[in-house]
Amino acid sequence: MRQAGRVVAEVLELLREKIVPGVTTLELDRLAEKECAKRKARPAFKGYGGFPFTICASPNEKVVHGFPDATPLREGDILSVDFGVVLEDFFGDAAITVPVGRVDEGRRRLIDVASEALRQGIARAVAGGRLSDVSHAVQAHVEAQGFSIVREFVGHGIGRQLHESPQLPNFGPPGQGPRLKAGMTLAIEPMINAGGPAVAILQDGWTAVTVDGLPSAHFEHTVAITDQGVEILTML
Ligand code: MG
């Protein structure tokens, strides 16, 4: 899983550098596919439940599961990219939200709060704790900053499958759910809205958007709980 996680981190880092005004998300998708092949990894999302692309590309009011397309990104957009691979039968899964050029203060803050929410969730992924300690840490940070948590999509166990139990909501009281143990591997992935929490699914059957049209941010890491603490597998 470390190797799969490293591939995910490397490719996302390459994509991050390419996210500038004028690039299309379809170009990013092709780049991700090419970089997977170089590393002998298989894109985890392509074909998953019929999803047709290597990356999920979700700009602005799109929350998750957006289709890459030929629309050039514009200065001031934000773009969430979710990406996973399978390498030697093990999965890695991560997401980043990136400003396109210069973005306004509200979007900048949304990205910062979502990123920090993931960091705080990861900090609670410790052996001996409970799963919902992670959920609660994410929710507490996000709501204290005046943003809202998407409830329809959740984090998950990950390993030999992309999505394994347990489900990991980004909200809820602490101290509930399974006891966290060394050897567990989780994908922690807060999705944060600038406005209300409500989301809708577009006609394509995949793309989740905010109902109020305000922007949304998504960060994700695959982590392993060890006796020495949490290890982030999708970070270089
Ligand atoms: Mg995931």
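In which strand is the place of Pro166? The legends below describe close-up views of a predicted model, and the first of them gives the answer.

**View 1. A cis peptide bond joins Ser165 and Pro166.** Pro166 has its place in strand S8, which comprises residues 164-168. The omega angle of the bond between Ser165 and Pro166 is about 0 degrees.

**View 2. Four protein residues serve as donors of the magnesium ion: Asp93, His156, Glu189 and Glu220.** The donor atoms are OD of Asp93, NE2 of His156, and OE of both Glu189 and Glu220. These donors lie 2.2 to 2.3 Å from the magnesium ion. Along the sequence, the spacing of the donor residues follows the pattern D-x62-H-x32-E-x30-E. Asp93 belongs to strand S5 (residues 90-99) and His156 to strand S7 (residues 155-157), so that this pair links distant parts of the chain, 63 residues apart. Asp93 is buried, its relative accessible area being 2%. His156 likewise counts as buried, at 4% relative accessibility.

**View 3. Strand S9 pairs with S7 and with strand S14.** The pairing of S7 with S9 is antiparallel and extends over two bridges. Within this pairing, Gly157 has Leu186 of S9 as its bridge partner. The pairing of S9 with S14 (residues 221-226) is also antiparallel, and four bridges support this description. Here Ala187 has Thr222 of S14 as its bridge partner. In a regular strand, side chains alternate between the two faces of the sheet. In strand S9 (residues 185-188), Thr185 and Ala187 point one way, whereas Leu186 and Ile188 point the other way. All of these residues are buried.

**View 4. Strands S6, S10 and S13 form an open sheet.** The order of the three strands is S6-S10-S13, and their pairing is antiparallel. Strand S6 (148-149) and strand S13 (216-218) stand at the edges; each has a single partner strand, so one side of each lacks a neighbour in the sheet. Strand S10 (residues 191-193) runs antiparallel to S13, and three bridges join the two. Asn193 stands opposite Ser216 in S13. Helix H3, formed by residues 105-123, lies across S10 and S13. The helix runs at about 35 degrees to S13.

**View 5. Phe51, Phe53, Phe67 and Trp206 form one aromatic cluster.** The structure holds four aromatic pairs. One of them is formed by Phe51 and Phe53, whose arrangement is edge-to-face, with 6.2 Å centre to centre and 70 degrees between the planes. Phe51 is buried, at 3% relative accessibility. Phe53 is also buried, with a relative accessible area of 17%. Phe51 forms an aromatic pair with Trp206 as well, and this pair is edge-to-face, with 5.1 Å centre to centre and 80 degrees between the planes. The pair of Phe51 and Trp206 links distant parts of the chain, the two residues being 155 residues apart. Phe51 is in the loop between strand S1 (42-43) and strand S2 (55-59), while Trp206 is in the loop between strand S11 (199-201) and strand S12 (208-210). Why does Trp206 count as partly exposed? Trp206 is partly exposed because its relative accessible area is 22%, and the class of partly exposed residues lies between under 20% for buried and over 50% for exposed.

**View 6. The charged end of Arg151 sits over the ring of Phe171.** The distance from this charged end to the centre of the Phe171 ring is 4.4 Å.

**View 7. Asn60 and Glu88 have positive phi values.** Asn60 is a residue other than glycine, and its phi is near 50 degrees. Asn60 has its place in the loop between S2 and strand S3 (62-64). Is Asn60 buried or exposed? Asn60 counts as buried, at 14% relative accessibility. Glu88, also a residue other than glycine, has phi near 45 degrees. Glu88 lies in the loop between strand S4 (78-87) and S5. Whereas Asn60 is buried, Glu88 is exposed, with a relative accessible area of 63%.

Key:
Residues are numbered from 1 along each chain as its sequence is written. Side-chain values use heavy atoms; hydrogens and water are left out. Rings of Phe, Tyr and Trp (its six-membered ring) pair if their centres lie within 6.5 Å; planes under 30 degrees apart count as stacked, over 60 as edge-to-face and the rest as tilted. Buried means under 20% relative accessible area, exposed over 50%, partly exposed in between (1.4 Å probe, protein chains only). A charge sits over a ring if NZ of Lys or CZ of Arg is within 6 Å of the ring centre and within 35 degrees of the ring normal. Two strands pair if DSSP finds at least two bridges between them. Contact means heavy atoms within 4.5 Å. Axes are lines fitted to C-alpha atoms, for helices over the stretch in contact, and angles run from 0 to 180 degrees between N-to-C directions. Donors are N, O and S atoms within 2.8 Å of the metal (3.2 Å for Na, K and Ca); water is not among the atoms, so sites may look incomplete.
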